[in-house]
Amino acid sequence: MKRIGLTGGIGCGKSTVVAELRRQGVPCFVADEVARAYYDDPDFVAQVQSLFDSPVLTADGKVNRKAIAAAVFSDKSKLQHLNALIHPRVMHDFERWCNQQQGQPVVFFESAILYECGLEKAMDAVVAVYLEKEERIRRLMVRDHCAAEAIEARMRNQMPDEEKAMRADYVILNYEGNPRARQVRRIVELLIG
Ligand code: ADP
């Protein structure tokens, strides 16, 4: 079974490609989705809380992702500590999930920060979704109802998409009207060989 990384910065269209892969019957593991669920585990929350001064849970017990994001945004060592808690767990869960995908020739692992975290080493190949920054900002302003400046600030913390595309084995150009279904099918065919 081949393990394929799927990456690209926010707004490039990763989730849209994951939806197409799943539609075509290809199993996808979405790292961010899985990591979100860790906050349901009180032990994990306690470990994260020990890194921060302000509460990581809101009064009604929900994860205060905005506060966590703001805290790690301005403090790289906190970000490293948080990643050190999350990433080994994500990779462990990915391996367990892979074991449940018996008979599948190919599975995908989606993460915006695959290269930033060096997780490409655990993959057989990487597919990058690429779109120019300006268009990603336009789409995110619609999707998240955010100001351009806030989106650009988040993007500055990620590796430029040009670099991701250059490192990847396959690139999907996610322009409007791109033949996504055909491109996804073709890449999967090539990966399966
Ligand atoms: P990511 O998961 O990489 O952050 P999304 O898949 O959520 O990105 O895509 C960002 C936004 O762009 C979404 O609102 C999505 O519906 C839209 N989008 C994705 N692909 C296209 C496309 N080819 N043409 C037009 N809009 C698109």
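**A ligand and two nonpolar cores**

In this predicted model, an N or O atom in the side chain of Asn174 sits 2.8 Å from a nitrogen atom of the ligand, a polar contact (a pair of N or O atoms within 3.5 Å). Two further pairs can be found beside it: a polar backbone atom of Gly13 is 3.0 Å from an oxygen atom of the ligand, and a polar side-chain atom of Arg139 is 3.3 Å from a ligand nitrogen atom. The protein buries 77% of the 570 Å² that the ligand exposes when taken alone (Shrake-Rupley areas, 1.4 Å probe).

Now look around the ligand. Its shell has 15 residues, and Lys14, Ser15, Thr16, Arg143 and Asn174 come nearest (near means a heavy atom within 4 Å). Helix α1 (14-23) and α6 (133-144) each supply at least two shell residues, with α1 giving the most, three. By type, the shell holds seven polar, five charged and three nonpolar residues.

Next comes the protein interior. In soluble globular proteins, nonpolar side chains tend to be buried together. Here the largest nonpolar core has 29 residues, and Leu82, Ile86 and Phe94 are among those with the most contacts inside it. Core members are buried (under 20% relative accessible area) and joined through side-chain atoms within 4.5 Å. Helix α5 brings the largest share of this core, seven residues. Phe94 is in contact (heavy atoms within 4.5 Å) with residues including Arg3, Phe29 and Met123. A second, separate core of 20 residues includes Ile4 and Leu191.

Residues are numbered from 1 along each chain. Local features need pLDDT of at least 70, side-chain atom pairs count only at pLDDT 80 or more, and totals for chains, interfaces and linings use all residues, while side-chain values use heavy atoms, without hydrogens and water.

Note on methods:
A polar contact is a pair of N or O atoms within 3.5 Å; within protein, one must be able to donate a hydrogen and the other to accept it, and residues adjacent in sequence count only if both atoms are side-chain atoms. Helices (H or I, at least four residues) and strands (E, at least two) are DSSP runs, numbered from the N terminus. Ala, Val, Leu, Ile, Met, Phe, Trp, Tyr, Cys and Pro count as nonpolar, Asp, Glu, Lys and Arg as charged, and the others, Gly among them, as polar. Buried means under 20% relative accessible area, exposed over 50%, partly exposed in between (1.4 Å probe, protein chains only). Lists of a residue's contacts leave out its neighbours within four places in sequence.
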